[in-house]
Amino acid sequence: MTALRKTPVASSTDAAPFAIRSERASDVAAREALLDACFGANRQTRTCQRLRDGRAPAEGLAFSAVRLGRLVGTLRLWHVSAGGVPALVLGPLAVDPTCRELGIGRALMNLALAVARARGHGAVILLGDAPYYARFGFSAAKTGELSLPGPFERGRLLGLELREGALAGAWGMIVPTGASMLKTKAARGKKALQPLPRAA
């Protein structure tokens with residue numbers, strides 16, 4: 001597994017640039033407001049939300065796009081078992097409607113997939129618009145035998161192998177496997193309470 005020491009950053013060359021960085025705790029309120037604006041009040045009832053409920057995103061794979069000091073994009077990936085095969089589920093990807101012509105969604109996708117590959121992950125699955133996600137290499141070719149815990153449109157369940165053969169034999173239900181939010185918060189709290197080493 002590759003350790004990434006620097007926070008990934010990407011920026012546009014437009015007159016009004018944006019930057020992509022790792023998500024911060026201070027982004028939560030703005031992220032939730034952006035998701036509500038993009039997906040509506042019923043977004044918590046959607047099928048893919050069952051894979052995220054009570055779970056923390058995969059380590060190092062939650063990103064925020066910021067423009068002029070304001071959060072304008074978000075993308076997160078989550079650990080799942082795809083019928084017994086370890087994978088990531090991508091989503092939600094959201095971009096502020098006033099910024100959609102700046103390439104923020106494309107930049108978030110490219111960075112997230114590059115970091116996932118660098119961290120040794122083998123495959124990414126998502127539920128989304130096939131024509132949009134095909135440009136990143138996603139297709140339904142490897143997901144035909146997979147199911148989600150709720151209603152979904154078969155043609156929108158897409159996969160991408162970051163490592164050849166990573167989804168070979170994937171069959172059955174996609175279920176969450178990531179760390180629970182409570183365990184993650186407890187681990188952070190323990191780490192914060194550890195005494196600093198003394199100088200010799």
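Is Arg-21 buried or exposed? Select Arg-21 and see: with a relative accessible area of 14%, this arginine counts as buried, because the cut-off for that is under 20%. Keep in mind throughout that you are looking at a predicted model.

**Stop 1: salt bridges**

Stay on Arg-21 and add Asp-27. Their side chains meet in a salt bridge, 2.7 Å from N to O. Asp-27 is buried as well, at 5% relative accessible area.

Next, pick Arg-50 and Asp-53. These two also form a salt bridge, with the closest N and O atoms 2.7 Å apart. This time Arg-50 is partly exposed at 32%, and Asp-53 is partly exposed at 36%.

Now jump to Arg-70 and Asp-96, whose side chains pair at 2.8 Å, N to O. This one ties distant parts of the chain together: Arg-70 sits in strand S3, while Asp-96 is in the loop between strand S5 (94–95) and H2, 26 residues apart. The two ends differ in burial, with Arg-70 partly exposed at 40% and Asp-96 buried at 11%.

To see a whole network, select Glu-23, Arg-31, Glu-32, Asp-36, Arg-43 and Arg-76; salt bridges with shared partners join them up. Over the whole structure, the count of salt bridges is nine.

**Stop 2: helix H2 and the cores**

Select residues 104–118, which make up helix H2. Try the ruler on the end C-alpha atoms: they are 21 Å apart, in agreement with the 21 Å that 15 residues should span at 1.5 Å a residue. Colour by burial and you'll find Ile-104, Leu-108, Leu-111 and Val-115 among the buried residues of the helix. Just past the end of H2, check the backbone of Gly-120, where phi is positive at about 90°.

Now bring up the largest nonpolar core, which has 32 residues. Those touching the most other members are Phe-63, Leu-75, Ile-104, Met-109 and Phe-138. Strands S2 (62–67), S3, S4 (85–90), S6 (123–127) and S8 (157–161), along with H2, each supply at least two residues. H2 gives the most, with nine.

Zoom in on Met-109. Leaving out neighbours within four places in sequence, Met-109 contacts Leu-75, Leu-90, Leu-93, Tyr-133, Phe-136 and Phe-138. There is also a second, separate core of 16 residues; Cys-48, Leu-51, Leu-148 and Leu-157 are among its members.

**Stop 3: two serines**

Start with Ser-81 in strand S3 (residues 70–82). Ser-81 is buried, at 16% relative accessible area. A polar atom of the Ser-81 side chain lies 3.0 Å from the backbone nitrogen of Gly-84. Looking beyond four places in sequence, you'll see Ser-81 in contact with Met-173, Ile-174, Val-175 and Thr-177.

Then move to Ser-180, in the loop between strand S9 (172–176) and helix H4 (181–193). Ser-180 is partly exposed, at 23%. Not counting residues up to four places away, Ser-180 touches Gly-54, Arg-55 and Ala-56. Add Pro-57 too: its C-alpha is 9.2 Å from that of Ser-180, though 123 residues separate the two along the chain.

**Last stop: cysteines**

How many disulfides does the structure hold? Zero. You can still compare two cysteines by burial: Cys-38 is partly exposed at 23%, whereas Cys-99 is buried at 1%.

How values were computed:
Residues are numbered from 1 along each chain as its sequence is written. This is a predicted model: local features need pLDDT of at least 70, side-chain atom pairs count only at pLDDT 80 or more; totals for chains, interfaces and linings use all residues. Side-chain values use heavy atoms; hydrogens and water are left out. Helices (H or I, at least four residues) and strands (E, at least two) are DSSP runs, numbered from the N terminus. Buried means under 20% relative accessible area, exposed over 50%, partly exposed in between (1.4 Å probe, protein chains only). A polar contact is a pair of N or O atoms within 3.5 Å; within protein, one must be able to donate a hydrogen and the other to accept it, and residues adjacent in sequence count only if both atoms are side-chain atoms. Contact means heavy atoms within 4.5 Å. The expected span of a helix is 1.5 Å times one less than its number of residues. A disulfide is a pair of cysteine sulfur atoms within 2.5 Å. A nonpolar core is a set of buried Ala, Val, Leu, Ile, Met, Phe, Trp, Tyr and Cys residues joined through side-chain atoms within 4.5 Å. A salt bridge is a side-chain nitrogen of Lys or Arg within 4 Å of a carboxyl oxygen of Asp or Glu.
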